[in-house]
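Visitor: Got a minute to walk me through this one? I'd like pockets, sheet and charges.
Guide: Sure, let's look at it together.

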Amino acid sequence: MNEDSLLYFAPDEEILPVMSLREVVMFPKAIIPLFVGRKQSVKAIEAALNDFDKRIFLVTQKNPEVEEPSLDDIYEVGCVARVLQMFKLPDGTRKVLFEGIYRAKIDKQSFSKEEFYKSKVFSFPDSDYDEKKAETFIRLVREALEEFSKLNPKMAKESLLTLANIKDPSFLADGILPHLSNVKFQEKQQVLEIADPLVRLEKVYGYLMGEIEIIALEQKIKERVRKQMEQNQREYYLSEQLKAIHKEMGRDVDPKAELDKLETRVKEKNMPEEAKERAFEEIKKLRITPTNSAEYTVSYNYIDWILSLPWNEIKEINIDLKEAAKILDNDHYGLEKPKERILEYLAVQNLVDKIRGPILCLVGPPGVGKTSLAKSVARAMKREFVRLSLGGVRDEAEIRGHRRTYVGALPGKIIQSLKKVKYNNPVFCLDEVDKMSTDFRGDPSAALLEVLDPEQNYAFNDHYLDLDYDLSNVFFITTANSLHTIPLPLQDRMEIIKLPGYLETEKKKIAKYFLLPKQLKMHGLDKKQIKFSDGAIEKVIREYTREAGVRNLEREIASICRKVAKKIVEDKIEQVQITKVNLSSYLGVPKVRHSEKEEEPLVGVTNGLAWTEMGGEILLVEVTIMPGTGKLEITGKLGEVMQESAKAAFSYVRSRSEVFGLKPDFYKEIDVHIHVPEGATPKDGPSAGITLATSLVSALLNIPVRNDLAMTGEITLRGRVLPIGGLREKLLAAKRSAIEKVIIPLDNVRDLDEVPEEILKGLKLIKVKHMDEVLPEALLGVNKDSIFCGQHNHISLTQKLLKAEFRSSAQQ
């Protein structure tokens, strides 16, 4: 063995000086220069140079911050290297060139320290590997190396050629790794400690592909930045040219002057300090942003919105309560409760400098004047009026606005509306608040929770403005047709005022004193040209409209006015009389037919009273008995609640079979059919219980029901009569149908205070609390004087009233 061979010989073990490396991992066959400054490292190198083969064991520190590493601070596996050259630099450090020879593992038992570290090291040879697999790996690595060299100009062609010609997987892995700058020294150390060359090469191949991706991405970013810089330079050059052209044409627009004007406007604007600070920040951004960029436009529009809002612009108002009351009365007939509430608010505002704006919710059927009442409130308060329709709104951004990051972003409708009125204390009508819906874009009703909460709306945050805006001065009025579609948290934030449907007498007055003068003016007519009789107005209300409000009534009056106007123009007539007789020549055949009472008492037919959105109605309930097997048939398009009332009424009759003189199992021999006419019209509600029970008893006992009597009330299984709603409208329906007596629940007596005297006049009200009190009043030929309240006297009811045998009536 010659001298050169001895230099690269790898014995099983040998004792060598040990030098620790910081963030560097030495590999066999690698030649790397290192700068050495630590004394013990210099001593170790000098000791290696004094030996014949100049060998030293290079091992990496686990923590590069440690100045004097111990055995625990260095890795176990390192590389035996040869010192090729050492130069002393002026600052005292050494530049040393090392060449890696073979992997080795330190012997911890022999590790010692004198002037430098010294230890016995064992050779760490490669394990056996599959040569066919090795060829596949080497081919893949060579392809990746070629791509890497194209992307990385720092890699010398000589190094690429040298690595491309290596056929040993172990040497190839060790040769590539030092060229990968993005691989951490801990990862390189892991590769050094792998004995299997194929596993080592696979690991290096992964690092190589990662390096290729990083370099490719870096180049892509650099190219994009370069193009952007070129584009910005081009835009700057063109904008300067454009300025020069505008200046030459006398249309010089100086962006700096524009921004100075904006800044002055911000200083002079009466708005919160937070808004001013935000505006100044945006102006500062604009000064360094190119005028033709999208960001410039977005920021400019944002500042413009801030400046256009009436932050602290409050319209001064001197409220005269008498004048306000006069305006409300002139605009709307009736509606005493909402008018009283509004006048209360105005009175308090006169006494207090500032109170938080109330949130009123006007709930009532269509056409009763909810929106027009809100307009009258604004007029009475001498405030600006804003109306926002929420019907069909699905997007939460309609209320809260869009964030400025979106293209075409705008504030919500609340802020937009305040910009239009230019004052921060308008009357704000949120129409159809019950018609909002929810989808993937959010829940608008949830956004309204903050708007309509007096405890929160002084700091309403619109997404576009991203600033707190004070809505506490706004008088919010919401309108709805029903409450059940409004979320309960939203209902809780509002003061709910219910507007009932108009009575027929009220409609007459509204038509005569409000609608008719309005339509005459709209159609160019005067009072001398057209005369309406009271009978004609009454007929229009009864036979041509069916509603709780007066919207259709106004349409019909407008239709008459149009035809009269045509007649006056064509026939040169000076005056037209509209009477009950000639009304059909203007409006055609009557469109509405109200249910009427029967002409004579009938078995199983009872007049019920129902409430609808159009007002009160007579509701006939028919029951017929047929031989059968105990079936109960219910028809007339009844809702679930009304079907349950029918079943409860039937169960009540069955439970009282002994009192009524019926066999306990009488129902097994018959079929009962309950029907409510006008089957195409849906009917539901809990107020028909006693009507159904009365019809059942009448049919079972073959006793007619009085045709001049109507009733309303819910029934329990024990026969108790429970209170109902809509009493006002139901009594009006009874009066319209010439009913003389009305049975109502005793618990509804307190509701009679809200029923006008003109409705109660001529009606006899019978207050009941049990079904036993209903039957003597309803069934024909009953002597109620013999009926007592005691349970033991129910037999006397049977003896006095029930003369017909059920079996004979069933057979007939």
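Guide: One term before we start: two strands pair if DSSP finds at least two bridges between them. Also, this is a predicted model.

Visitor: Fine. What stands opposite V386?
Guide: F428, in β10. The strands β9 and β10 (residues 427-431) pair in the parallel sense over five bridges.

Visitor: Which sheet are we in, and what is the strand order?
Guide: An open sheet of five strands, ordered β9-β10-β13-β8-β14. The pairing is parallel.

Visitor: Which strands sit at the edges?
Guide: β9 (385-389) and β14 (495-498). Each of these pairs on one side only.

Visitor: And how much twist?
Guide: From one strand to the next, the twist averages 20°.

Visitor: Which strands does α12 touch?
Guide: Helix α12 (residues 336-351) packs on the sheet and touches β8 (359-363), β13 (475-480) and β14. The direction of α12 makes about 145° with that of β14.

Visitor: What about α15?
Guide: Helix α15 (residues 413-421) also packs on the sheet, touching β9 and β10. Its direction makes about 150° with that of β9.

Visitor: Switching to voids. How much space lies in the second largest pocket?
Guide: About 720 Å³. The lining has 27 residues. Closest to the centre of the pocket are H332, G369, S372, K518 and E554.

Visitor: Which elements give two or more residues to that lining?
Guide: Four helices: α11 (321-331), α13 (370-381), α18 (504-522) and α20 (551-571).

Visitor: Which gives the most?
Guide: α13, with six residues.

Visitor: How do the lining residues divide by class?
Guide: The lining of the second largest pocket has eight nonpolar, nine polar and 10 charged residues.

Visitor: Now closed voids. How many cavities of 30 Å³ or more?
Guide: The count comes to three. The second largest cavity holds about 40 Å³ of space.

Visitor: Which residues line the second largest cavity?
Guide: E598, E600, P601, L602, V605, N607, V705, R706 and N707. By class, that lining has four nonpolar, two polar and three charged residues.

Visitor: On to charges. How many salt bridges?
Guide: The structure holds 35. One of them joins E76 and K105, with the closest N and O atoms 3.7 Å apart.

Visitor: Why does that pair tie together separate parts?
Guide: E76 lies in the loop between β3 (55-60) and β4 (77-88), while K105 is in strand β5 (residues 94-106), so the pair links parts that are 29 residues apart in sequence.

Visitor: Remind me of the general idea there?
Guide: Side chains of opposite charge can pair when their charged atoms come close.

Visitor: Great, that covers my list.

Note on methods:
Residues numbered from 1 in each chain as written. Predicted model: local features only at pLDDT ≥ 70, side-chain atom pairs only at ≥ 80, totals over all residues. Heavy atoms only, no water. 1 Å grid on protein atoms, 1.4 Å probe; cavity = no way out; pocket = protein on both sides within 12 Å on 5 of 7 lines; lining within 4 Å. Points joined across faces, edges and corners; volume = space filled by probe spheres on them. Nonpolar A, V, L, I, M, F, W, Y, C, P; charged D, E, K, R; others polar. Axes fitted to C-alpha atoms, helices over the stretch in contact; angles between N-to-C directions. Contact = heavy atoms within 4.5 Å. Salt bridge = Lys/Arg side-chain N within 4 Å of Asp/Glu carboxyl O.
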